[in-house]
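This report goes through one protein model from its overall make-up to single residues. It is best read with the sequence and the structure side by side.

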Amino acid sequence: MKLIDAPNKKTSGKPLRNGGPLGIVVHHTASSKKSKDENVIQMCIRGVNKVPGPLYNYLIAANGTVWQLTGDNIKANHAGRGNSSVLNGILKGIPVKGRATSAGKISANSSLIGVSLINDGLGQEIPQAQYDACVDICAYLCDKYNINPLSGVIGHLEWTSRKVDPTFDMHDFRAQVVSETKGIPAVKVLKTERISAPKPEIVPNKGVAFPGTLKRGSRSHAVKLVQRRVGAKADGAFGFRTRRKVKAWQRNFNGLKDFAVNHLSVDGIVGRKTWTAMCFKQEDLG
Ligand SMILES: [Zn+2]
């Protein structure tokens with residue numbers, strides 16, 4: 001794979017959440033066949049109309065060159081609204097089902113990296129070198145960020161019914177990516193190994209320090225503590241089940257306390273107040 005930093009590559013921007021990409025969305029640019037690569041590259045760095053750049057993290061030219069438009073950890077505006085069920089599948093390691101049947105309402109660009117082929121999407125040929133380079137960059141990113149290709153590499157058309165890209169079969173594509181990765185992380189391994197945040201610290205006499213807000217999509221050791229407290233499976237990945245259990249815990253806490261004094265918002269989010277109410281001690285860290 002020939003990976004090159006694009007001229008004028010964006011080196012700053014909004015960082016991805018969760019410390020890195022959780023998945024990859026594959027696109028085509030739908031740019032004119034007549035456009036020169038260097039113009040498409042610069043357009044995708046700058047943005048178009050009302051969409052600010054970068055539009056993708058990587059662009060793949062017909063000759064197989066992979067252009068890096070911005071860092072892996074910088075948010076690109078590539079996927080737009082899509083389906084929470086798809087994001088959930090990515091988070092849980094559930095194999096992608098196929099084309100999305102609804103437009104979807106959530107944005108996940110802050111968790112998903114965007115990879116796009118320079119192609120008009122109107123029947124322009126995708127040369128083998130370009131396809132192979134797309135497989136290569138996805139396999140490289142899957143290995144680097146411990147992404148399961150079967151659940152974490154999706155086509156834009158699998159994210160939202162509004163889109164038709166890419167034009168090739170994504171199931172075949174994922175199988176190719178799998179064959180190039182060093183090993184597919186099993187779902188459980190995927191969930192625990194991706195946790196890179198340091199263990200929460202102990203503040204003398206105050207218990208475990210507040211690690212910052214924990215909510216759906218958070219992955220950390222601190223999430224495990226919360227999960228044990230609320231009776232959810234302690235895998236460190238804050239999913240919708242954990243959220244439901246946190247809500248129940250908050251509701252229950254409010255029921256036990258004087259509302260006027262110490263009322264928690266029943267929102268399924270562990271902010272400082274809920275964290276403090278959970279009252280973690282040294283022994284909870286074990
Ligand atoms: Zn797209």
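## Overall make-up

Of the 286 residues in the protein, 41% are buried. The model is predicted, and the statements that follow should be read with that in mind. The protein contains 10 helices and 12 strands. When contacts between residues at least 6 apart in sequence are considered, 70% of them join residues at least 24 apart.

## The open sheet

An open sheet is formed by 6 strands, which follow one another in the order β1-β6-β5-β9-β2-β10, and the pairing within this sheet is mixed. Its edge strands are β1 (2-10) and β10 (153-155), each of which pairs on one side only. On average, and with direction ignored, neighbouring strands of this sheet are turned by 25° against each other. In general, the strands of a sheet pair through backbone hydrogen bonds, in either a parallel or an antiparallel sense.

The edge strand β10 pairs with β2 in the parallel sense, over 3 bridges, and within this part of the sheet V26 stands opposite G155 in β10. Helix α1 lies across β1, β5 and β6, and it runs at about 55° to β1.

## Two buried strand residues

Two residues, T70 and L112, show how strand positions of this sheet are surrounded. T70 is placed in strand β6 (residues 65-70), and it counts as buried because 25 C-beta neighbours lie inside 10 Å, where 20 or more are required. Although T70 and D5 are 65 residues apart in sequence, their C-alpha atoms are 8.2 Å apart in space. Once its neighbours within four places in sequence are left aside, T70 is in contact with K9, K10, G13, P54, N57 and A76.

L112 is placed in strand β9 (residues 112-117), and it is likewise buried, since 27 other C-beta atoms are found within 10 Å. P21 is 91 residues away from L112 along the chain, yet the C-alpha atoms of the two residues are separated by 5.2 Å. Not counting residues up to four places away in sequence, L112 touches P21, L22, G23, I24, V25 and A79.

## How α8 meets α9

Helix α8 (residues 221-230) and helix α9 (residues 240-256) have axes that come within 9 Å and cross at roughly 55°. The two helices are therefore oblique to each other, and α8 passes α9 in a left-handed crossing. On the side of α8 the contact is made by V226, Q227 and V230, and on the side of α9 by T242, K245, V246 and W249. Sorted by class, the contact of α8 with α9 has 4 nonpolar, 2 polar and 1 charged residues.

## Cis peptide bonds

Which peptide bond that leads into P54 or P166 is cis? The bond from G53 to P54 is cis, with omega near 0°, and the bond from D165 to P166 is also cis, again with omega near 0°. P54 lies in the loop between β4 (51-52) and β5 (58-60), and this proline is one of the residues in contact with T70 of strand β6. P166, for its part, lies in the loop between α5 (156-159) and α6 (170-180).

## Positive phi outside glycine

A30 has a positive phi of about 55°, although it is not a glycine. Its place is in the loop between β2 (23-28) and α1 (37-46), so that A30 follows a strand of the open sheet and precedes the helix that lies across β1, β5 and β6. A30 counts as partly exposed because 15 C-beta neighbours lie inside 10 Å.

N49 likewise has a positive phi, near 45°, and is a residue other than glycine. The residue is found in the loop between β3 (47-48) and β4.

Is N49 buried or exposed? With 5 C-beta neighbours inside 10 Å, N49 counts as exposed, because 12 or fewer are needed for that class.

How values were computed. Residues are numbered from 1 along each chain as its sequence is written. This is a predicted model: local features need pLDDT of at least 70, side-chain atom pairs count only at pLDDT 80 or more; totals for chains, interfaces and linings use all residues. Helices (H or I, at least four residues) and strands (E, at least two) are DSSP runs, numbered from the N terminus. Two residues are in contact if their C-beta atoms, placed from the backbone, lie within 7 Å. Two strands pair if DSSP finds at least two bridges between them. Axes are lines fitted to C-alpha atoms, for helices over the stretch in contact, and angles run from 0 to 180 degrees between N-to-C directions. Angles under 35 degrees count as roughly parallel, over 145 as roughly antiparallel, 65 to 115 as roughly perpendicular and the rest as oblique. A crossing is left-handed if the near helix is turned anticlockwise from the far one by less than a right angle, and right-handed if clockwise. Ala, Val, Leu, Ile, Met, Phe, Trp, Tyr, Cys and Pro count as nonpolar, Asp, Glu, Lys and Arg as charged, and the others, Gly among them, as polar.
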